[in-house]
Amino acid sequence: MRRENPRTQHAPDAAAGADRRALVARLREIVGDRHVLVDPADVVVYEQDGSILQVLPEVVVLPASTAEVAAVVRAAREADVPIVPRGSGTGLAGGAVPAEGGVVVSLARMTRVREVNLRHRIVVAEAGVINLDVTRAVASGGYFYAPDPSSQAACSIGGNVANNSGGPHTLAYGVTTNHVLGLEVVLGDGTITWLGGRAVDVPGYDLTGVFVGSEGTLGIVTAAALRLMRTREAVRTLLAVFDRMDDATDVVVRITGAGIVPAALEMMDRTTIEAVETGAPVGYPRDAEAVLLVEVEGVREYAERAAELARQICTRGGAREVRVARDEAERQRLWKGRKGAFGALGALAPNYYVQDGVVPRSRLPQIMREIGEIGRRYGLRIANVFHAGDGNLHPNLLFDMRVPGQLDRVIAAGADILRACVAAGGSITGEHGIGLEKKAYMDLLFSPADLDAMARVRRAFDPDGRFNPAKVFPTPITCAEMRRAPATLPAGLWI
Ligand SMILES: Cc1cc2nc3c(=O)[nH]c(=O)nc-3n(C[C@H](O)[C@H](O)[C@H](O)COP(=O)(O)OP(=O)(O)OC[C@H]3O[C@@H](n4cnc5c(N)ncnc54)[C@H](O)[C@@H]3O)c2cc1C
């Protein structure tokens, strides 16, 4: 017998009794029996994404084509139940969690790369294609797909579009929206349409831009036309070691101010270094206050000059040591600690809560001090590992669920961090989205009039509010939702 997970909430029964049976029967006709899941033992893997929130779905359906997605949407509409699109479930804000029940539509079977056109530098990929598989499909021709969330080995193109995902290389190349030319979508009445096209600009409103980052609230993305980039000739990677966090964060501003646009500028603080060196050591100095990983790439001459300039700026900015990778193996070693950092935090505490905020780069020294103060105020250790070049922070609040009151302090400290980010001119998410987790904080940034304008855009696409209800807009999040234990990281992924 399956043991009930004490953290699991059940979705409200949006499709009760006979109606639910009729809906399930209709879904089975559309996609085949095997691809409609209702048994709790089958749907349990869809109760959670990578966040701390869990709700057991009522029905999960796995269509294999855009026509099937459209038919599923029409069936859900006839049964008057919510629709929750789902990619790979790696989201960190509860976006794919079926908070109000209904039908979870998994795009996991839509994994066809429909077209590769290297001449026009375009790939058309279905929503369920894994991010890294786009680059794999074109790498031998000398191209890559630039948006590279740290979850790129698992997350889907549809999820990337919905969350407008970024990654370590966002600093140089931008986020998902800068690489999506057009989208095939299914709207609330089951209409299939294309937004945008294959050119970098199309006449009329930028409806593709509206859809990117809409977190599954406007419709279902079934395919995307994506822009490719040429593989760079050379890449150089440096690790700078600092005794003062202030120096490390200052250097970030100096490097970008010098006109270098690094492909990546990643920071780890002392607590993160301690975790890495305790878990799977890579040789970061344990007594350093911070290490900064700098990567530059381009034609060989540029990469070499930019690396040398970055080295000089780090040294002049107070780095006590700058290591420059001599070959690919050494480069991989330097990255290994960064990539394993989140997993390694388990060596320091039984639980951690990944926060996600953003500030202007120039406010990094100030915000790092404030995060330190918040940690002290709540008696919590906070490990910082972040995309410093974008001002994109991931403070990890370390704690132990079993200690009464600790989770309350973690939630309160996390909220204070977001308030500090907003006060510093930043925002409540750098890349993970709002989902369920952060909707209660939307009014830190937006007035009622702002939110109403957004709600009207939403209604223009989805008048019934059927797609992903309970997400993004600030209805209060329930205590039960917030009191979930943090998830552990899937193996092989990094943030
Ligand atoms: C280890 C780890 C590292 C991460 N690193 C990064 C990072 O560097 N940068 C970053 O930005 N994020 C990162 N993330 C977060 C996450 O991977 C991204 O948000 C990713 O884009 C989610 O994709 P997914 O396919 O897993 O989507 P899901 O989690 O399944 O869904 C995410 C949201 O998108 C909606 N959605 C999914 N598919 C569709 C679709 N086809 N049509 C419409 N809506 C849809 C869902 O309803 C939900 O709201 C990380 C997560 C983990 C676990």
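## Cavities, pockets and charged pairs

The second largest cavity here has a volume of about 30 Å³, and it makes a good place to start our walk. A cavity, on a 1 Å grid over the protein atoms alone, is a set of points where a 1.4 Å probe fits but cannot get out, and its volume is the space filled by probe spheres set on the points, with grid points joined across faces, edges and corners. Before going on, please keep in mind that this is a predicted model, in which local features need pLDDT of at least 70 and side-chain atom pairs count only at pLDDT 80 or more, while totals for chains, interfaces and linings use all residues. Residues are numbered from 1 along each chain as its sequence is written, and side-chain values use heavy atoms, with hydrogens and water left out.

A search of the whole structure turns up two cavities of 30 Å³ or more. The second largest is lined by Leu92, Ala93, Val354, Asp356, His432, Gly433, Glu437 and Lys438, where a lining residue has an atom within 4 Å of a point. Sorted by class, this lining holds three nonpolar, two polar and three charged residues. In this sorting Ala, Val, Leu, Ile, Met, Phe, Trp, Tyr, Cys and Pro count as nonpolar, Asp, Glu, Lys and Arg as charged, and the others, Gly among them, as polar.

Next, let us turn to a pocket, meaning an open set of points with protein on both sides within 12 Å along at least five of seven lines. The second largest pocket has a volume of about 610 Å³. Of its 23 lining residues, Asp148, Gln152, His169, Glu295 and Arg331 lie nearest the centre. Which elements each supply at least two residues of this lining? They are helix H4 (131–138), strand S9 (143–144), strand S14 (234–242), strand S16 and helix H11 (328–344), with helices (H or I, at least four residues) and strands (E, at least two) taken as DSSP runs numbered from the N terminus. H11 gives the largest share, four residues. By class, the pocket lining comprises twelve nonpolar, five polar and six charged residues.

Charged pairs come next. Side chains of opposite charge can pair when their charged atoms come close. Here a salt bridge is a side-chain nitrogen of Lys or Arg within 4 Å of a carboxyl oxygen of Asp or Glu, and by this rule the count comes to 30. One of them joins Glu29 to Arg26, with the closest N and O atoms 2.8 Å apart. These two sit three residues apart in helix H1 (residues 17–31), so about one helical turn separates them. Glu29 is exposed, at a relative accessible area of 61%, whereas Arg26 is partly exposed at 35%; buried means under 20% relative accessible area, exposed over 50%, and partly exposed in between (1.4 Å probe, protein chains only).

Helix H10 (residues 300–316) offers another pair three residues apart, about one turn of the helix: Arg311 and Glu308. Their side chains meet in a salt bridge of 2.9 Å, N to O. Arg311 is partly exposed at 29%, and Glu308 is partly exposed at 32%. The salt bridge between Arg402 and Asp400 also has a value of 2.9 Å, N to O. Is each partner buried or exposed? Arg402 is exposed, with a relative accessible area of 66%, while Asp400 counts as buried at 16%. Elsewhere, Arg77, Asp80, Asp464 and Arg466 are linked in a network of salt bridges.

Now for the backbone. Most residues other than glycine have a negative phi. Glu215, although not a glycine, has a positive phi of about 55°. Glu215 lies in the loop between H7 and strand S12 (220–227) and counts as buried, at 10% relative accessibility. Val472, also not a glycine, has a positive phi of about 70°. Its loop runs between helix H14 (448–461) and helix H15 (479–482), and Val472 is buried at 12%.

One more loop residue deserves a look. Pro285 lies between helix H9 (270–279) and strand S16 (290–298), and counts as buried at 12% relative accessibility. Pro285 and Glu274 are eleven residues apart in sequence and 8.8 Å apart in space, C-alpha to C-alpha.
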